Amino acid sequence: MASSEEDGGGSGSLEEKEKGRKRRLGALATAWLIGYNIAMTAGWLVLAIAMARFYMQKGTYKGLYKTIQKTLKFFQTFAVLEIVHCAVVRTSVLVTGVQVSSRIFMVWFITQSIKQIQNEESVILFLVVWTVTEITRYSFYTFNLLNHLPYFIKWARYNFFIILYPVGVAGELLTIYAALPYVKKTGMFSLRLPNKYNVSFDYYYFLIIVMASYIPLFPQLYFHMLRQRRKVLHGEVIVEKDD
């Protein structure tokens, strides 16, 4: 009996240590996420201020992208960490991966790579949408993690997207469409036969496929956000009906 009690005590001690370790890991993860979201909020605020200042000083959006490109590339690429965050935050790796990778693709493989389209109105359109969206989103995450979420930020998070999401998608699609003639003319990022790998790749047709992929993906993501909106703002419990 004595031996059994000692074993039980040892087991209890191990369980307490494990719980303590998990609490410490949880605290560290929360601290990291708070720091990350504060940094990202600040980064997109810097972008917003730079964009507003440029337009007020120049009176035009021509040349805006060139002015903000370094800041944009840094903070948008830094967002790849959100895929890693899925390990500690209950969110879909697939949805997060699609959203982050599509943004990075737009920055690095479209707008940055094809300088002829950087002054297109569609580029400014999606940049403004991204900026407003990200300031709202990261502010929401920051205050939510701090357990002090102002209602306005909560409201903005689940209402702004109704207009911003389709407008942003339109800006992205129009930008890719504007890039197509330059891609076709230069053959950039394409691999022609014959070559030592015996493989061909046409970036022009790849971009057309990317544009077509918005058709099934956009409604799914948009209606997912609408369901989240009803759940968060109106307290609706969404139950899937059995057949």
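A nonpolar core is a set of buried Ala, Val, Leu, Ile, Met, Phe, Trp, Tyr and Cys residues joined through side-chain atoms within 4.5 Å. The structure on display is a predicted model, and the tour starts from its cores.

Select first Trp44, Leu72, Ile110, Leu127, Ile176 and Leu207: these residues have the most contacts inside the largest nonpolar core, which has 38 residues. Next, colour the helices that give two or more residues to this core, namely H1 (2–58), H2 (64–78), H4, H5 (121–145), H7 and H8. Among these, H5 gives the most, with seven residues.

Centre the view on Leu207. Leaving aside residues up to four places away in sequence, Leu207 touches Phe105, Ile110, Ile176, Leu180 and Val183.

A second, separate core may then be selected; its seven residues include Ile153, Tyr158, Met225 and Leu233.

Turn now to the helix pairs. Display H4 (residues 93–111) with H7 (residues 161–186): their axes come within 11 Å and cross at roughly 20°. An angle under 35 degrees counts as roughly parallel, so H4 is roughly parallel to H7. The crossing of H4 past H7 is left-handed. To see the contact, select Met106, Ile110 and Thr111 on H4, together with Glu172, Thr175, Ile176 and Ala179 on H7. By class, this H4–H7 contact has four nonpolar, two polar and one charged residues.

Finally, keep H7 and add H8 (residues 203–234). The axes of H7 and H8 come within 10 Å and cross at roughly 175°; the two helices are therefore roughly antiparallel to each other. The contact of H7 with H8 has 22 nonpolar, no polar and three charged residues.

Notes: Residues numbered from 1 in each chain as written. Predicted model: local features only at pLDDT ≥ 70, side-chain atom pairs only at ≥ 80, totals over all residues. Heavy atoms only, no water. Axes fitted to C-alpha atoms, helices over the stretch in contact; angles between N-to-C directions. Helix = DSSP H or I, 4+ residues; strand = E, 2+ residues; numbered from the N terminus. Parallel < 35°, antiparallel > 145°, perpendicular 65-115°, else oblique. Left-handed = near helix turned anticlockwise from the far one by under 90°. Contact = heavy atoms within 4.5 Å. Nonpolar A, V, L, I, M, F, W, Y, C, P; charged D, E, K, R; others polar. Buried < 20%, exposed > 50% of the residue type's maximum accessible area, 1.4 Å probe, protein only.
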